[in-house]
Amino acid sequence: MAVTDKSLRSARNQLYPMQAWYCIGLFIFIIAIFQWISFLHSKLAGRRQTSDASDPEHASVHRRRGFSWRRVPLGLVNAYRVISFRWTLEFGKSYTLNMAEVFVTMAYIVFLFVWTFVDTTDLEGHALDITYWCNRSGMLAASQFPLITALGTKNNIVSLITGISYDKLNYVHRMMSRVVFVLLWVHVGGEVVRNAPFQPYFSKQWLIWGLISMVAFTILCIVSLRPIRAQAYELFFYIHFAMVSTFLIGAYFHTQNFTVAYWIYPCFVIWGLDRLIRFLRLVVFNHSYFGFRSGSTMDGTAELLSDDFVRLRFHRPSHFHWTPGQTAYLIMPSVSRLPFEAHPFTIASFNSTLFDVPEEQKPTSEKYTQISLAEGTLGSSAPFWKELVFFINVREGFTARLKDAASKGGSGVSYTLPVLLDIIERVRNGQSSCRRVVFIWSIRNVDHIHWIDEVLIRALRLAPPSLSISIQIHVTGAPATIEILPQSYGPNDDAKPVRDDSRSEELQDGKIMEISSDALFAIESVKLAHERPDLQTILRDEVKAATGRMSVSVCGSQSIARSVRGALRFPVSNPLSVANGGPSVTLHVESFGYA
């Protein structure tokens, strides 16, 4: 059979989208391999360090050794972390791309467009023949939509394989959508030039559906731009649902005419499966609402803590469990505009029996004497570890309506506090060899301390002597006289405060003060400062003093995240330092990637 341009075009149009999938699948597989190797290495290293810590001879001495060739690979891994995730491109005050995201973006753009325009010379020697790349661009674009759909769902196989959370993958979802959007306009432009004059084709159904799809996709890409998405997320959410539905329906009928609809209908299956899993999880976690089993429901109460923060408290079902710092979606029909509107918030409470342990026999050191005094002010009504608790920063839209509901009836701590409690529990149980924890909380108003003061006191009381804890609370609001923090009494109404020398202190010149009248600040390891934390200095000093492994977790504003990334770049975290016995530093920035 003679080879013709038509047969070549047809064969390549079928082959190249499959090759693109093989390449992308291989890339995901490689990422998964490295992720799982890292996970297994951290587990094995953690067990080895835990066993060493149980040996008094190893636990008593923690000092840096000299240069070791065995630590060179670990130093190279740290260099990769710095280059990939701490070197960033910053756009304005609120948008940051790390080098890993930049690399994936550039690689994907080059990859798709190379696959579109490669081998487009016809049999007569004309390079970039429009009949070759015009339809191929549309086929390549269509082939990407199952993966784009999967990356936009909360229960996707890519997260399962790689261990990367769906909210982090949401950047890839948006990036791929926009690259494919450009590729589709290449397809549209090629069709217009190739079939000019174009008017006779307007009677074709496949063309009408194609144009409808492109109009919907264009609207979607406009409203998904970050300034619009961040300022009017609810508007984006509704338009996103409507435009995606319109686009996929139109794309299905358009591609069906060319017998390639098999790239489109899996999108409906993936979306439907995700919704089914989410609905089943909703029923399981809220079975009392659906009448499957009698018992208490997860009705919540909203408390207005300040003009900027609301605390939500829910009854905790016995079958509901979570990990420290985990995000949960809340559906509150009485507050939301739509009954099944779900909003993500970090669970601030701790899923553990840490605070249910019997009375411990405490050492007679000064530290534990202070904690014992503080413990006397703890009442029995603190529900933090018995409920689901959320600290919500009030902004606009849903959170503003939630504030109104609370009125009628530094949220970053929602992530860091349960992580702190988890570390204490794991060290107590011999599951972690952690030796030091520095907990930094930046707040605008000193009254915010009341949100978690009882929890911190209990946590410090239960911390083992081998774990050094430093709590640094920074008040960034205007200097003001700090009134006496209300005392928390015991179960007896006639109980007396631990100390009766209460007085107010004024913070000046950023000087660290200890308030003797408050139980929390009676503990030596808790400090208060009226200044912004110097994160670069704090992290530099901690890295110099640390050995082994060091983890830094940050949850807060974009400026805080940028400051921490900058502090952990070279030369603070460099391969030579690790090879000489310095700590292997990992950084986790907790930020939800949807808005």
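This is a short dialogue about reading strands, helices and a surface patch in a predicted model.

Colleague: I would like to begin with the sheets. What is the order of the strands in the open antiparallel sheet of 3 strands?

Modeller: A general idea helps here. Strands of a sheet pair through backbone hydrogen bonds, either parallel or antiparallel. In this model, the antiparallel open sheet has the order S3-S4-S7. Strand S3 (300–304) and strand S7 (387–393) each have a single partner strand, so one side of each lacks a neighbour in the sheet. On average, neighbouring strands here are turned by 20° against each other, direction ignored.

Colleague: How many bridges join S3 to strand S4?

Modeller: There are 5 bridges between S3 and S4 (residues 309–315). To find the pairing on screen, look for glycine 300, which stands opposite phenylalanine 314 in S4.

Colleague: Now the parallel case, please. Which strands form the open sheet with parallel pairing?

Modeller: That sheet has 3 strands, in the order S8-S9-S12. Its edge strands are S8 (436–443) and S12 (526–529), and each pairs on one side only. Neighbouring strands in this sheet are turned by 15° against each other on average, direction ignored. S8 runs parallel to strand S9 (residues 468–475), and 8 bridges join them. Valine 438 is a handy starting point, as serine 470 in S9 stands opposite this residue.

Colleague: And the hairpin of S1 and S2: which residue there takes a positive phi?

Modeller: Glycine 92 does, with a phi near 70°, in a hairpin that has 3 residues between the strands. Strand S1 (residues 88–91) and strand S2 (residues 95–98) pair in the antiparallel sense over 4 bridges. Across that pairing, glutamate 90 stands opposite threonine 96 in S2.

Colleague: Let us turn to helices. How far does helix H11 reach from its first C-alpha to its last?

Modeller: Again, the general idea comes first. An α-helix has 3.6 residues a turn, so residues three or four places apart point the same way. Helix H11 (residues 233–256) has 24 residues and reaches 34 Å, close to the 34 Å expected at 1.5 Å a residue. Among its buried residues are Met243, Phe247, Gly250, Ala251 and His254. Try tracing them with the helix spacing in mind.

Colleague: Last one: is isoleucine 33 buried, partly exposed or exposed?

Modeller: Isoleucine 33 lies in helix H1 (residues 5–53). Its relative accessibility is 38%, so this residue counts as partly exposed. Together with Leu26, Phe29, Ile30, Phe34 and Ile37, Ile33 forms a nonpolar patch on the surface, with about 610 Å² of accessible area together.

Note on methods: Residues are numbered from 1 along each chain as its sequence is written. This is a predicted model: local features need pLDDT of at least 70, side-chain atom pairs count only at pLDDT 80 or more; totals for chains, interfaces and linings use all residues. Side-chain values use heavy atoms; hydrogens and water are left out. Two strands pair if DSSP finds at least two bridges between them. Helices (H or I, at least four residues) and strands (E, at least two) are DSSP runs, numbered from the N terminus. Axes are lines fitted to C-alpha atoms, for helices over the stretch in contact, and angles run from 0 to 180 degrees between N-to-C directions. Patches are made of residues with over 30% relative accessible area and no salt bridge: like charges are joined within 9 Å, nonpolar side chains (Val, Leu, Ile, Met, Phe, Trp, Tyr) within 5 Å. Accessible areas come from the Shrake-Rupley method with a 1.4 Å probe; for residues, only the protein chains shown count as cover. A salt bridge is a side-chain nitrogen of Lys or Arg within 4 Å of a carboxyl oxygen of Asp or Glu. Buried means under 20% relative accessible area, exposed over 50%, partly exposed in between (1.4 Å probe, protein chains only). The expected span of a helix is 1.5 Å times one less than its number of residues.
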